[in-house]
Amino acid sequence: MNILIHDLSSEQFQSLFPGTYNDLYIISDNGTIRHCTGCFGCWIKTPGKCVLKDGYANMGELL
C-alpha cells in the first residue's frame, strides 16, 4: 500500500491527479486534523495511537 498525504482541496487534487488509484491510501486535510499537543499520550496511554479524536489516531500504524 502506498500513502499520499496532501493539503490540496478536492478540486485541486482531482485536476492534478485524475483517475482512481487502487493501491493508494490518500490522506487529505478536510479541516479535522488537529495539531500535536505534545501530551505523550501516544507513548504512555495508548502506545502507537494518538489520543486526539480527530479521525487520524492510527496514523502511526499507517506509516
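Modeller: Helices (DSSP runs of H or I, at least four residues) and strands (runs of E, at least two) are numbered from the N terminus, and C39 is found outside them, in the loop between β2 and α2. This is a predicted model, in which local features need pLDDT of at least 70 and side-chain atom pairs count only at pLDDT 80 or more, while totals for chains, interfaces and linings use all residues. Residues are numbered from 1 along each chain as its sequence is written, and side-chain values use heavy atoms, with hydrogens and water left out.

Biologist: How do you know what confidence the chain has, and where is confidence lowest and where highest?

Modeller: The predictor gives each residue a pLDDT, its confidence on a scale from 0 to 100. The chain has a mean pLDDT of 82, and 100% of its residues reach 70 or more. Confidence is lowest in helix α3, residues 59-62, with a mean of 77, and highest in helix α2, residues 41-44, with 88. Where pLDDT is low, the predicted coordinates should not be read in detail.

Biologist: Why is H6 called buried?

Modeller: A residue is buried under 20% relative accessible area, exposed over 50%, and partly exposed in between (1.4 Å probe, protein chains only). H6, which lies in strand β1, residues 2-6, counts as buried because its relative accessibility is 14%.

Biologist: What makes the link between the side chain of H6 and L8 a polar contact?

Modeller: A polar contact needs a pair of N or O atoms within 3.5 Å; within protein, one must be able to donate a hydrogen and the other to accept it, and residues adjacent in sequence count only if both atoms are side-chain atoms. Here the side chain of H6 reaches the backbone nitrogen of L8 at 3.1 Å, so the pair satisfies the distance limit.

Biologist: Which residues is H6 in contact with, leaving aside its neighbours within four places in sequence?

Modeller: With contact taken as heavy atoms within 4.5 Å, H6 is in contact with F13, I26, I27, S28 and D29.

Biologist: Why is Y56 called buried, although its place is in the loop between α2 and α3?

Modeller: Y56 counts as buried because its relative accessibility is 19%, which falls under the limit already given. Leaving aside its neighbours within four places in sequence, Y56 is in contact with I27, S28, N30, T32 and I33. Y56 and R34 are 22 residues apart in sequence, and their C-alpha atoms are 8.9 Å apart in space.

Biologist: What makes C39 and F40 partly exposed?

Modeller: C39 has a relative accessible area of 45%, so it is placed in the middle class, and F40, at 46% relative accessibility, counts as partly exposed too. The place of F40 is in the loop between β2, residues 24-28, and α2, and the phi angle of F40 is near 60 degrees, which is a positive value in a residue other than glycine.

Biologist: How far is C39 from Q12, C-alpha to C-alpha?

Modeller: C39 and Q12 are 27 residues apart along the chain, and their C-alpha atoms are separated by 34 Å.

Biologist: Why is G60 called exposed?

Modeller: G60 counts as exposed because its relative accessibility is 52%, and that value lies over the upper limit. The place of G60 is in helix α3, the helix where confidence is lowest in the chain. The C-alpha atoms of G60 and C50, which are 10 residues apart along the chain, are separated by 8.2 Å.
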